[in-house]
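Open the model in your viewer and set it to cartoon. The stops below tell you what to select and what you will find there.

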Amino acid sequence: MKVKVLSRAASEYTRETPQDIHKIKRNYDPKLHPLEKAREYTRALNAVKLERMFAKPFVGALSGHSDGVYCMAKHPKKLTTIMTGSGDGGYGICQIEKQYGRLSDIKALLKVSVVVRQRVIYTFLVEPIKPAIDHHRNDPIFATSGSQVDIWDENRSDPIKTLSWGADTINTVRFNQIETNVLGSCGTDRTIILYDLRMNSPLTKLVLQMRTNAIAWNPMEAFNFTAANEDHNCYTFDMRKMDCALNVLKDHVSAVLDLDYSPTGEEIVTGAYDRSLRIYSSRQGHSRDIYHTKRMQRIFCVKFSMDSKYVLSGSDDGSIRLWKAKASEKLGPKDYRERAHLEYQEKLIERYKYLPEIKRIAKHRNVPKAIKNAQNTKRIMLQSQRQKEENLRRHSKKGTVPYQAERKKPIVERQVLSTKSKTKLTTNSSNSYTNNLASLGRFYVNTMKTIGKKQVLRIDPSIKRTMCKRCESILLPGVTSRVRIKSRPEPCYQVLCIECNTSKNYPTRKGYQLFSEKPENIFRSNESSAENGEDISIIKQTKKKYNKNNNNKEI
Amino acid sequence: MKDLDIIDKIVAKNLPKYVRPAEGKLGSRQLKKIKDKKLKGTLERIEKVSKEAASKAARSELLLTEEPGYLEVEGIEKTFNITQKQLKDNVDVDSTKKIFDLKLTTFGPYSLDYTRSGRHIVIGGQKGHISSFDWMGNKLNCEIYVKETVRDVKWLHNELFFAVAQKKYVFIYDHNGLEVHRLKKHIEVNKLEFLPYHFLLVSVGNSGWLKYQDTSTGQLVAELRTKLGCCDVMAQNPWNAIMHLGHSNGTVTLWSPNMSSPLVKMLTHKGPVKAVAVDHTGKYMATSGLDGQLKLWDIRTYKPLQQYYTRSPASSLTISQLGLLGVGWGPHVTVWKDAFLKKQQSPYMNHLQAGTQIKDINFCPFDDVLGLGHSDGVSSLIIPGSGEPNLDSLEANPYQSNKQRQEAEVHSLLDKVQSEMIVLDPTFIGKVDRASKNLLTKELKEEQEAQRAGKGKLVLKNKMRGKSSSLKRYLRKKQKNVIDEQKLKVQKLLEQEREARKKRTVDDGEDKDRPKALERFSNKKRKS
């Protein structure tokens, strides 16, 4: 008989002295680990809850500026140094030091107009328009913008090169960090212009529907850049192929004012007029996180720190805020086991992220009421626009109203400055007006109407008749409207808006006068001054009218 | 070089065990069709990682130190002829201690239960003797006499608490034998089970109600009416936490706390079912009935594999970690090896506990020991090759210190699985539901409707007290086993009402200032 019975020596399984660590035996046989999926799911659920619980992104605020912080630059090599510029004409160099999790405030505050690399080497005279400035990565060259882009050498007092392409004012210039001779700018005429320092003229120009406020080059992919647009979105472009955006970053509810890439090129931070900053994964369309505080005002500049762990924002309220790039990350050193545990939690969340409960918890953010309301309004607006377009599509000939890609929508025009012909225009599509400019036109008309209402002004009929009363698009006979002459029921001409199918009749019978052309409605200023001394009550009655007419004349 | 080949062979042999079921996985052809390169890359990476994980797990098996026990004989000797006495002479000194016999003739027959680590045992004599002890360290934890019938005993999540089904209620005692809880909702319980990952104590008894109680929160999770009368046969499927009940009409029903009707109903025997056992992989089930049959089932297909005839009906069944089947019938215990794989001609081991009736048998986890409770006490036998040789300290550790136990308790509470996740296929979580669209929409609609029904306003008639007060009627009318928000609300209201009434009656007794009915006729003026 051969027999063997399990007989374990306790010393094999227990530690010898209390100073030793416990002996852990593992056996990965699935039979010993039942319900693994359910247990893992539970762990994932706990992990995602903890992640939200520990999400406290705000690290600290740096005060010191007496006006809003409108520009910011980070030192490319020193992790803790940033430079900020304020509306009061001052600038500050901040030395961010982590001392027990606290920050020392701004160290020095000097007053100079433009400074290069911390030390004041030269003071340059730049045009008094709000200038933007960016330094070349390696060479002693920097670019400023105003009505044109000027390239300066640090050792010369005059610009070495001046580049312009029809913009009124240029808001931003930004050097590419890999292809260091390439730079981009964006101007008030809704353009993004790309330049190459090795050439004497700009490369390309891209016209978008709305103005671009800032651009940022991807630090890892030399040819990609992202533009922060006034229409609440950011658009990522490949500079080699700009007829379609690579990505559209949505979620903001107001104009995006600044953005910056993380040094890895994986994430983008944006600051917006809606008093919030958002962090996006550069390849996804919606934000990963939103940061806001009660006191933070409109954000004018944002920066990712060079270790991609922190995010800086400068806002209208004059303080610079420091945030964690990952809201729930623990600051300070972590020991090996803690790190392993956190990695495990992250992996669990990643694995179960599509399950409804986990998705719900991971997605949930508390958002200020103003933003929440704006989101709702925006959703309704976009929905109605989509519905309108869909209705139009349904009631018109098949194929006449094509679907348009969201990534192509913002692009109005792309121009290339070739060396042979001075300017060669390549428009994006044949009926570019109806597709692209129509909404811009509507926007302007709407603005005009709003201003008119606010100021209590009448729009002159000659202008008013060029706009659709219902959809507010500009009526160009043959392009956006159809004009027909009618004799019945009374002689008139009918203008039909093609956009929304609204028709309006304008009588043309003999002796027809508009309200404003009727003699009793024309206000005579002489009479009113005569009455002025006699009867005050009349003046009060006519005052409103007077104002109206007076303003009307000015227009 | 040769060693490496051997290692590869071992890994290849072990690999299938660690490969997770791959339903819904894309084949290479489907993968080729995907146009999105990023998605394709991600899927391929996931595939690669899971393969690597399986091979690494298989490789880690080389590091396991212990080998399973065995019993081999030569020539015409048979393993089933070997007695415990013979074994005792042939095993090492430590192992001889595992064979013992506790003579407790006055309080028998005994039922028993091992903890998940196998270190502690609790025994309960039917006439009221309960004792728990550390049988490996020969240490008595507690010994109590409850002076009433004890029907079943069960450890809770660790060796600090155990539950006892007594004459009327279920009680929970701590390791010192102190009564901690009396579970009034569990009445006349015959069998107890505990689901360690869900912290659910499950009971079934004379009234045929299956009740799930959460021992971490104290909440009664589900009360299910089996509608099949008195039940004293219950086993849990350790793989998916489904309860198997054996009934007097010969059926075995499978239950989860989320359904008011059984998930599966199997007709297993022509007479009442006497015992049920489910193996650790959740693939096989053994049942025995009063018709003298012992049947083995595949519970993936719900089809019988083998059946054996027992001379007297088997009163107790148990399956060890390595798949040995223990059968207790009359005074005998028979152990079968590889019973689920093919029909066996002879048993692996035999044991006769002369002059007794066996009530309960249990294999000790992580040890080659079989414990049996019978009318004359409790005995422990050595069955070589029954227990898992290599333990996982983070799952169940017989050698854990107090600190480790506390740590493990906290972790297990954090990882507590919700009872809603008890389903027949536990790997379903996180998978895509591939049911037909019609079915899915129907389910969704039902769910929404149920939600809406829960949200509806509670309209009650204005009948305040008595047996058929509106709240009580509502409680009675609704499905009893479903505890939803509405029901909790009603229960709370009822409780408040009761409290208010109580208060009112107390006030009446104490309130002296109130004018009495006949006072108006008296001359005395009332004191203000």
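Start in chain B with strands β28(B), residues 369–374, and β29(B), residues 377–382. The two run antiparallel and are joined by six bridges. Show G371(B) as sticks: S380(B) of β29(B) stands opposite. This is a predicted model, so keep pLDDT colouring at hand.

Now widen the selection to the whole sheet. Which strands does the sheet contain, and in what order? The order is β2-β29-β28-β27, all in chain B. The sheet is open, has four strands and pairs in the antiparallel sense. Select β2(B), residues 100–103, and then β27(B), residues 358–363. Both stand at the edges, and each has a single partner strand, so one side of each is left without a neighbour in the sheet. Look along the sheet for the twist, which averages 15° from one strand to the next.

Next, colour chain B by domain. The assignment gives domain 1 as 2–63, domain 2 as 84–382 and domain 3 as 455–508. Place C-alpha centres on domains 2 and 3 of chain B; they lie 40 Å apart.

Move to two helices of chain B. Select α1(B), residues 2–18, and α3(B), residues 37–60. Their axes are 8 Å apart, and the helices pack at an angle of about 120°. The two are therefore oblique to each other. The crossing of α1(B) past α3(B) is right-handed. Which residues make the contact? From α1(B), show V11(B), N14(B), L15(B) and Y18(B). From α3(B), add A54(B), S55(B), A57(B), A58(B) and R59(B). Colour this contact by class: six residues are nonpolar, two are polar and one is charged.

Last, bring in chain A and select its contact with chain B. Chain A puts in 32 residues and chain B puts in 49. On the chain A side, the elements giving two or more residues are β1(A), 2–4, α1(A), 10–13, and α2(A), 36–53. Which of them gives the most? That is α2(A), with seven residues. Colour the chain A side by class to see 16 nonpolar, seven polar and nine charged residues.

Finish where a strand from each chain meets. Select β1(A) together with β1(B), residues 70–72. They pair in the antiparallel sense over three bridges. Strands of a sheet pair through backbone hydrogen bonds, either parallel or antiparallel. Centre on V3(A): its bridge partner in β1(B) is L71(B).

Terms used. Residues are numbered from 1 along each chain as its sequence is written. Chains are lettered from A and ligands numbered from 1 in the order in which they are written. This is a predicted model: local features need pLDDT of at least 70, side-chain atom pairs count only at pLDDT 80 or more; totals for chains, interfaces and linings use all residues. Axes are lines fitted to C-alpha atoms, for helices over the stretch in contact, and angles run from 0 to 180 degrees between N-to-C directions. Angles under 35 degrees count as roughly parallel, over 145 as roughly antiparallel, 65 to 115 as roughly perpendicular and the rest as oblique. A crossing is left-handed if the near helix is turned anticlockwise from the far one by less than a right angle, and right-handed if clockwise. Two residues are in contact if their C-beta atoms, placed from the backbone, lie within 7 Å. Ala, Val, Leu, Ile, Met, Phe, Trp, Tyr, Cys and Pro count as nonpolar, Asp, Glu, Lys and Arg as charged, and the others, Gly among them, as polar. Two strands pair if DSSP finds at least two bridges between them. Domain bounds come from an automatic or database domain assignment.
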